[in-house]
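Reader: Please take me through one part of this model at close range. I would like the strand pairing first, then the aromatic side chains.

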Amino acid sequence: MLDKLLPWQQMLWQQMVSNKKLAHAYLFYGKKGIGKYLFAERLAHYWLCLSPVHEQPCGQCKSCHLLLGSGAHPDIFHLMPEDSEFIKVNQIRALIDFINQTPQISPCKVVLLEPAEALNLNAANALLKSLEEPAGNSRLILVSHQIGQLLPTIKSRCIQQLCPLPKQENALLWMGEALPDLTKEQLSQLSMLAGNAPLYAVELHQQGILAQRELVVADMKKLLKQQVVVSQVAEAWNAIPLLVIFDWFCQWIHTILCFQVTGDKNTLGAEDMQKVLGYVADKSTPENVRQLQNKLLQERQKVLAKANLNRVLLLESVLIDWINLLQAR
């Protein structure tokens, strides 16, 4: 928990630790994979420390030893989904029991909740009173990657803090230290695939995203050349997260629309798909591209909401629509 602050978080850290009028509930939000939860953990550590030094946790007191050792500090409560993708109301009841207790070691108690969008409706409603009037000296930090999915009543009870996205050069520098075996080209591709979110880029690398991207791009080219059929492609992509595939398709369809409007080849995005996207843009109509874009965005929302989707049928449907773009003119 006492790892160095991420370089792009320094200003936010100074803003938080120099604030003498702390709120009882914060909502840290922003893009996935930029270190929001690490920041929240370090801030909780600072609040729990018995003798902070130079606006940093001391690392020496009893509180710091517990956090750095077993991690079993009696005054901190981590809350995240357990046996499902949702945070449930019984977990919120345990949280309420925690904040109703007196701090045992530190001057306050801290709750870390991530991701806030995983709160189901009952859990979110059960949390409202604690967000508004937490018992005792308690502070809550909610972390969200998709703030738009939170209830307005949750957001309105928290101080909302947008967490910073690093500049691209800073993200690449940090990624180079985290993944020293990768080339500059691989780091750049990873950064592009992760939307310049460096921690997400490392996570994607651990999932084998570069090989997955290579497979998908190769299959998209084979589809255009009619060397494979959609059912083969959908099956071949079985190990790739559905959200990753939809993110790529959404990005590609947006790129096609931009190119149709501007005619500027510099808008064709990543090199591996430039020729494919340029070809599809030339052969399709903007109206049909927009229709597919609407479908992709709607289906992506279902994926995000973890709807019960037939993965193969869904992918086949998208791929057929993609091919049909070429037959519109």
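**Strands, a helix and an aromatic cluster**

Author: This model is predicted. Start with two strands. S2 covers residues 76-79 and S3 covers residues 109-113. They pair in the parallel sense, over 4 bridges. One residue to find is Leu-79, whose bridge partner in S3 is Leu-113. Between S2 and S3 the chain passes through helix H4, residues 89-99. This β-α-β crossover is right-handed.

Next comes helix H5, residues 121-132. H5 has 12 residues. From first C-alpha to last, H5 reaches 17 Å, close to the 16 Å expected at 1.5 Å a residue. Which residues of H5 are buried? They are Ala-123, Ala-124, Leu-127, Leu-128, Ser-130 and Leu-131. The cover over these buried residues includes H4 and S3, both met above. It also includes strand S1 (25-29), strand S4 (138-144) and helix H6 (152-156).

Now the aromatic rings. The whole structure holds 11 aromatic pairs. Take Trp-13 and Tyr-46. Their ring centres are 5.7 Å apart and their planes stand at 70 degrees, so this pair is edge-to-face. The cut-off for that class is over 60 degrees. Trp-13 sits in helix H1, residues 10-17. Tyr-46 sits in helix H2, residues 36-48. The two are 33 residues apart, and their pair links distant parts of the chain. Are these residues buried or exposed? Trp-13 is buried, and Tyr-46 is buried too.

A further pair is Phe-28 with Phe-39. It is edge-to-face, with 5.6 Å from centre to centre and 70 degrees between the planes. Phe-28 belongs to strand S1 and Phe-39 to helix H2, so the pair ties together parts that lie 11 residues apart in sequence. Phe-28 and Phe-39 are both buried.

How do these rings group? Trp-13, Tyr-26, Phe-28, Phe-39, Tyr-46 and Trp-47 form one aromatic cluster. So look at S1 again: Phe-28 lies in that strand, and S1 is among the elements covering the buried residues of H5.

Charged side chains also meet the rings. Arg-42 lies over the face of Trp-13, at 5.5 Å from the ring centre. Elsewhere, Arg-213 lies over the face of Trp-248, at 5.0 Å from the ring centre.

One loop residue to finish. Ala-307 is in the loop between helix H14 (286-304) and helix H15 (311-325). Ala-307 is partly exposed, with a relative accessible area of 37%. Its C-alpha is separated by 19 Å from that of Ile-147, 160 residues apart along the chain.

Definitions and conventions. Residues numbered from 1 in each chain as written. Predicted model: local features only at pLDDT ≥ 70, side-chain atom pairs only at ≥ 80, totals over all residues. Heavy atoms only, no water. Pairing = 2+ DSSP bridges. Right-handed = clockwise from strand over helix to strand, strands pointing away. Buried < 20%, exposed > 50% of the residue type's maximum accessible area, 1.4 Å probe, protein only. Expected span 1.5 Å × (residues − 1). Contact = heavy atoms within 4.5 Å. Phe/Tyr/Trp six-rings, centres within 6.5 Å; stacked < 30°, edge-to-face > 60°. Lys NZ or Arg CZ within 6 Å of the ring centre and 35° of its normal.
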